[in-house]
Each structure stands twice: as structure tokens, then as C-alpha cells.
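The following exercises are to be worked through with the sequence and the structure at hand. Each task is followed by a solution in steps.

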Amino acid sequence: MIDMTKLLLYDLSGFLKNPDDVQYNVSAIKKAKIFIILFLVKVFIFLLLIYPLLILLNNIIDLQHRGELVEDSVFTLIAVSIIAPVTEELFFRLVLRRQGLVAAIFSEQIWYKVFPWLCRISIVGFAVIHLSNYNNSETLFYVLSPLIVLSHFITGCFITFTRVRLCFLYGLLLHSLWNFSAYVLLS
């Protein structure tokens, strides 16, 4: 399992440097193992780096979350764990496979030039859109915004990699599981 994790992290870092449209051709069991490893690595990064950073940032500036959803409700859990991931995955990552309408728009030659940029735009756009989770309008909030959405940037990297290497459904499941876990643990 350690060797598989090392290979997976090596592939992830290579993918982030130069995204390519290569899907793993492995069994469902191996895909499930890859999915679990990616989720656990994401949890480890969050606990080791992101959560302490968010605590520090919240001490510097009050990160005022939007209060639109009722806290600790079944509706909020469904919205956070199902509705938001489905919507965001359809918007940000559905186009990361050359098939259907995407294949009609991009020739294969153009696709391989455009694909890395689509991945990068997907990841950065995903992070930036999450600034709307906050009510802050202070200058310091905008100065610190790259650190504030770092968790979403890293999540976008993991989900994009999962979507491309495994498939759309695994990316959606990773997003849903992550949101569900974060909601349950942090509320």
C-alpha cells in the first residue's frame, strides 16, 4: 500500500505540473483503493496544514461565513454533501474529458493543447468561487484570500486528478465525501 501511495503521489505531482488526459485502466477494486488513498492523503494535508492555517487566519481576520444555510440541519447536510458537489462538478470538471460536445468542439490535436489549461482554470476557478462563502469585504480579507481558499485549491487539485485518472463519478464522490466529512467534523 505504501508503494502504491508513493506512485500515486508522484503521478499527482506530475499531473499538477503538466496535466494530461490519461485515465487509469485498472479494475474497480484498484480504483476504490486509489480513491481511498487520495481521500486519506487529503485528510492528512487538511489536518496537518490547512486546519491550523485556518485557525491562524481566523485569529488575524474574522472569517465571517455566510449564514444563508441553517446550521446543523438535514437540509444543510444535503446541500453541502450532495447539491453543492453535483453542481460544482458539473460546472468545473465535466468538460475534462474529450467526449460528446467537447469532442465536437475540440479536435484531438487542439484538445491536448487546451486540456492543461482547462484543468488549471478548473482548479483556480473552484478555489476562487469559494470566496463567496464569506461576507468579508475588508482589504485584509482580499490580501489573505489566496491563503483563505488554499483548502479549496488543494481540494480542487485532488478532485480534478481523481476525475481525470478515474472518472467523473469518482471525482463527484470524493467531493461529496470530503464535504460530508468536513461538515460532520466541523459542526
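**Exercise 1: A salt bridge and its surroundings**

The side chains of Glu89 and Arg93 form a salt bridge, with an N to O distance of 2.7 Å. A salt bridge here is a side-chain nitrogen of Lys or Arg within 4 Å of a carboxyl oxygen of Asp or Glu. The model is a predicted one, in which local features need pLDDT of at least 70 and side-chain atom pairs count only at pLDDT 80 or more, while totals for chains, interfaces and linings use all residues. Residues are numbered from 1 along each chain as its sequence is written, and side-chain values use heavy atoms, leaving out hydrogens and water.

Task. Determine whether Glu89 and Arg93 are buried or exposed.

Solution. Step 1: apply the cut-offs, by which buried means under 20% relative accessible area, exposed over 50%, and partly exposed in between (1.4 Å probe, protein chains only). Step 2: Glu89 has 0% relative accessibility and therefore counts as buried. Step 3: Arg93, with a relative accessible area of 0%, is buried.

**Exercise 2: A network of salt bridges**

Task. State how many salt bridges a search of the whole structure finds, and establish which residues are joined into one network by shared partners.

Solution. Step 1: the search yields four salt bridges. Step 2: Asp11 pairs with Arg165, their closest N and O atoms lying 2.9 Å apart. Asp11 belongs to helix H1 and Arg165 to helix H8 (residues 150–165), so this pair ties together parts 154 residues apart in sequence. Helices are DSSP runs (H or I, at least four residues), numbered from the N terminus. Step 3: Asp20 also forms a salt bridge with Arg165, with the closest N and O atoms 2.8 Å apart. Since Asp20 lies in the loop between H1 and H2 and Arg165 in helix H8, the parts tied together are 145 residues apart in sequence. Step 4: Asp20 is partly exposed, at 31% relative accessibility, whereas Arg165 is buried at 4%. Asp11 is buried as well. Step 5: through shared partners, Asp11, Asp20 and Arg165 are joined into one network.

**Exercise 3: Packing of H1 against H2**

Task. Describe how the axes of H1 and H2 cross, and classify the residues of their contact.

Solution. Step 1: the axes, which are lines fitted to C-alpha atoms over the stretch in contact, give angles from 0 to 180 degrees between N-to-C directions. Step 2: helix H1 (residues 2–17) and helix H2 (residues 28–60) have axes that come within 11 Å and cross at roughly 75°. That makes H1 roughly perpendicular to H2, a class covering 65 to 115 degrees. Step 3: with contact meaning heavy atoms within 4.5 Å, H1 contributes Met4, Thr5, Leu8 and Leu9, and H2 contributes Lys30, Lys33, Ile34, Ile37, Leu38 and Val41. Step 4: these residues divide into seven nonpolar, one polar and two charged.

**Exercise 4: The largest nonpolar core**

Task. Identify which residues touch the most other members of the largest nonpolar core, and which element gives the most to this core.

Solution. Step 1: a nonpolar core is a set of buried Ala, Val, Leu, Ile, Met, Phe, Trp, Tyr and Cys residues joined through side-chain atoms within 4.5 Å. Step 2: among the 28 residues of the largest core, Phe115 and Phe158 touch the most other members. Step 3: two or more residues come from each of H1, H2, helix H5 (108–129), H8 and helix H9 (168–186). H2 gives the most, with eight residues.

Notes. Parallel < 35°, antiparallel > 145°, perpendicular 65-115°, else oblique. Nonpolar A, V, L, I, M, F, W, Y, C, P; charged D, E, K, R; others polar.
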